[in-house]
Amino acid sequence: LVGYRWNDAKEQPAAFPFGFGLSYTSFELSSFHAECNAGAPGAKVAVTVKNTGDRSGAAVPQVYVGFKSLKPMIRQLRGFWKLHLEPGASEELVFALGDEDWRFYDEAGQLWRTAPELNEEVTVSVGTSSADLLWSGKLSCQGTAQPVRFQQ
């Protein structure tokens, strides 16, 4: 394990976590929700980003997933988006997670498997860095679409 995966597994905070960045403005992330795709593998994760500062700037929301079979890793980055916003502007971002986003290599069976195939819950987290995860929730994508909404 290297980088943020090592820090997470060893519970050692990093001086500058993966995805850390400075800005001349401030942002707020809200209205997070995640939903399994109906009839197809994967899920959609959405978040609204608002520039709450006085200057234009860029935010980079990140999506991480984690599940039991991913150990010793706790989570892994599965998406990010650099978004430029003017002061007071907001935009909803939708991340599409596919079957490959919760796939792992099963060394014992010598084949690729997925968390839903093993009936494992997938933890989805959204934040501004690997150490600043503002929302987290669990998805079970084995059956029909189940929306999961999280409040601030």
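A search of the whole structure turns up five salt bridges, and they make a handy way into this model, which is a predicted one. Let us start with the pair formed by Asp8 and Arg75, whose side chains meet in a salt bridge at 2.8 Å from N to O. Asp8 sits in helix H1, while Arg75 belongs to the loop between strand E4 (62-66) and strand E5 (76-80), so this pair ties together parts that are 67 residues apart in sequence. Asp8 has a relative accessibility of 15%, and because buried means under 20%, Asp8 counts as buried.

That brings us to the helix itself. Which residues of H1 are buried? They are Tyr4, Asn7 and Asp8. If you look down the axis of H1, these buried residues fall within an arc of 95 degrees, so they line one face of the helix. The cover over the buried residues of H1 includes E4 and E5. The loop that holds Arg75, the salt-bridge partner of Asp8, runs between those two strands. Just after H1 you will find Glu11, which takes a positive phi of about 55 degrees.

Carry on along the chain and you come to the loop between helix H1 (3-10) and strand E1 (27-36), which is the place of Leu22. Is Leu22 buried or exposed? Leu22 counts as exposed, because its relative accessibility is 77%. Together with Phe16 and Phe20, Leu22 makes a nonpolar surface patch of about 410 Å².

Now back to the salt bridges, further along in the numbering. The side chains of Arg103 and Asp99 meet in one of them, again with 2.8 Å from N to O. Arg103 is partly exposed, with a relative accessible area of 33%, and Asp99 also counts as partly exposed, at 24% relative accessibility.

Another salt bridge joins Arg113 to Glu117, where the closest N and O atoms are 2.9 Å apart. Arg113 is partly exposed, with a relative accessible area of 23%, and Glu117 counts as partly exposed at 43%. Which residues are joined into one network by salt bridges that share partners? The network consists of Asp106, Arg113 and Glu117.

With these local details in mind, step back to the whole chain. How many helices and strands does the protein chain have? There are one helix and twelve strands. Read from the N terminus, the order is α-β-β-β-β-β-β-β-β-β-β-β-β, with the helix at the start and the strands following.

As for overall dimensions, the C-alpha atoms fill a box of roughly 55 × 35 × 20 Å, taken along the principal axes. A compact globule of 152 residues would have a radius of gyration near 15 Å, and the protein chain has 16 Å, which agrees. Of the 152 residues, 41% count as buried. The chain exposes about 8900 Å², and carbon and sulfur atoms supply 49% of that area.

Finally, consider how the chain makes contact with itself. Among contacts between residues at least 6 apart in sequence, 60% join residues at least 24 apart. The salt bridge between Asp8 and Arg75 gives you one pair to look at with this in mind, as the parts tied together there are 67 residues apart in sequence.

Methods: Residues numbered from 1 in each chain as written. Predicted model: local features only at pLDDT ≥ 70, side-chain atom pairs only at ≥ 80, totals over all residues. Heavy atoms only, no water. Patch = residues over 30% accessible without salt bridge, like charges linked within 9 Å, V, L, I, M, F, W, Y side chains within 5 Å. Areas by Shrake-Rupley, 256 points an atom, 1.4 Å probe, with all protein chains shown as cover. Salt bridge = Lys/Arg side-chain N within 4 Å of Asp/Glu carboxyl O. Helix = DSSP H or I, 4+ residues; strand = E, 2+ residues; numbered from the N terminus. Buried < 20%, exposed > 50% of the residue type's maximum accessible area, 1.4 Å probe, protein only. Rg over C-alpha atoms; globule rule 2.2 N^0.38 Å. Contact = heavy atoms within 4.5 Å. Arc of directions from axis to C-beta.
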